[in-house]
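Work through the following exercises with the sequence and the model open beside you, and attempt each task before reading its solution.

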Amino acid sequence: MSETQQIKKTPYVLGTFIIKYELPIKMIDDINTAYDEAKDLEDWTSQLAGKIAEEKLVNSIMTEDMNTIFLNCFNEYIHHIQKPHWVPTLNTVWINEMRAGEYNPFHYHTSEKTDLGLSSVLVLKRPSTYGKEITKEHEPANGRLEFIGSSHDTLSIPQLRVDAQVGEFYVFPYTLLHGVYPFNTTDQVRRTLSYNCDL
């Protein structure tokens with residue numbers, strides 16, 4: 001064993017946390033079925049930043065069990081960042097049905113009730129391919145979810161780009177900039193759910 005391997009390491013992180021949860025596939029199936037069978041969902045495009053034709057408010061299809069799971073994740077996030085005095089309250093939840101050529105520009109979330117809150121992205125469906133990368137195939141961006149932090153010092157990590165998979169649920173503060181890049185050459189959709197949670 002080298003001297004370097006004998007050195008103990010304890011990393012400390014300052015700044016914004018993004019926590020990824022992996023939700024049960026049955027819940028994903030239930031949400032997809034409820035969405036596919038729902039009628040007269042409210043068009044939510046006027047309230048959102050996305051350049052996406054189909055964005056629907058879906059509070060009405062959330063069951064008590066679904067809401068409990070989402071609220072548990074938000075509560076766990078609050079305890080992870082050591083702010084147990086903040087009380088999470090579920091707000092609006094919507095689904096983005098993103099098709100080839102559509103995208104979600106970088107944006108942050110707000111609430112009419114508070115400046116403090118958590119938002120989220122849950123992947124419900126994704127295409128089998130995001131299509132051909134125009135350049136730099138070794139650094140794919142098509143269909144990727146990206147977060148941009150506020151720390152830009154030389155040794156920080158200011159951006160995180162993820163190839164989010166079905167069932168992955170990312171929780172982060174309202175104020176964290178995030179967006180999704182467009183994809184191409186497929187008729188399949190990238191379906192995601194976002195839940196806002198006031199604090």
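**Exercise 1.** Determine the handedness of the crossing of α2 and α3, and describe how the two helices meet.

*Solution.* The crossing of α2 and α3 is left-handed, a term for a near helix turned anticlockwise from the far one by less than a right angle. This is a predicted model, in which local features need pLDDT of at least 70 and side-chain atom pairs count only at pLDDT 80 or more, while totals for chains, interfaces and linings use all residues. Residues are numbered from 1 along each chain as its sequence is written, and side-chain values use heavy atoms, with hydrogens and water left out.

Next, take the geometry: the axes of α2 (residues 25-37) and α3 (residues 64-80) come within 11 Å and cross at roughly 125°. The two helices are therefore oblique to each other, as angles outside under 35 degrees (roughly parallel), over 145 (roughly antiparallel) and 65 to 115 (roughly perpendicular) count as oblique.

Finally, list the contacts (heavy atoms within 4.5 Å): M27, D30 and I31 of α2 meet M66, I69 and F70 of α3. By class, this contact has 5 nonpolar, no polar and 1 charged residues.

**Exercise 2.** Which element gives the largest share of the largest nonpolar core?

*Solution.* A nonpolar core joins buried residues (under 20% relative accessible area, 1.4 Å probe, protein chains only) of the types Ala, Val, Leu, Ile, Met, Phe, Trp, Tyr and Cys through side-chain atoms within 4.5 Å. The largest has 28 residues, and those with the most contacts inside it include L23, I31 and F70. Its largest share, 6 residues, comes from α3.

Conventions: Axes are lines fitted to C-alpha atoms, for helices over the stretch in contact, and angles run from 0 to 180 degrees between N-to-C directions. Helices (H or I, at least four residues) and strands (E, at least two) are DSSP runs, numbered from the N terminus. Ala, Val, Leu, Ile, Met, Phe, Trp, Tyr, Cys and Pro count as nonpolar, Asp, Glu, Lys and Arg as charged, and the others, Gly among them, as polar. Buried means under 20% relative accessible area, exposed over 50%, partly exposed in between (1.4 Å probe, protein chains only).
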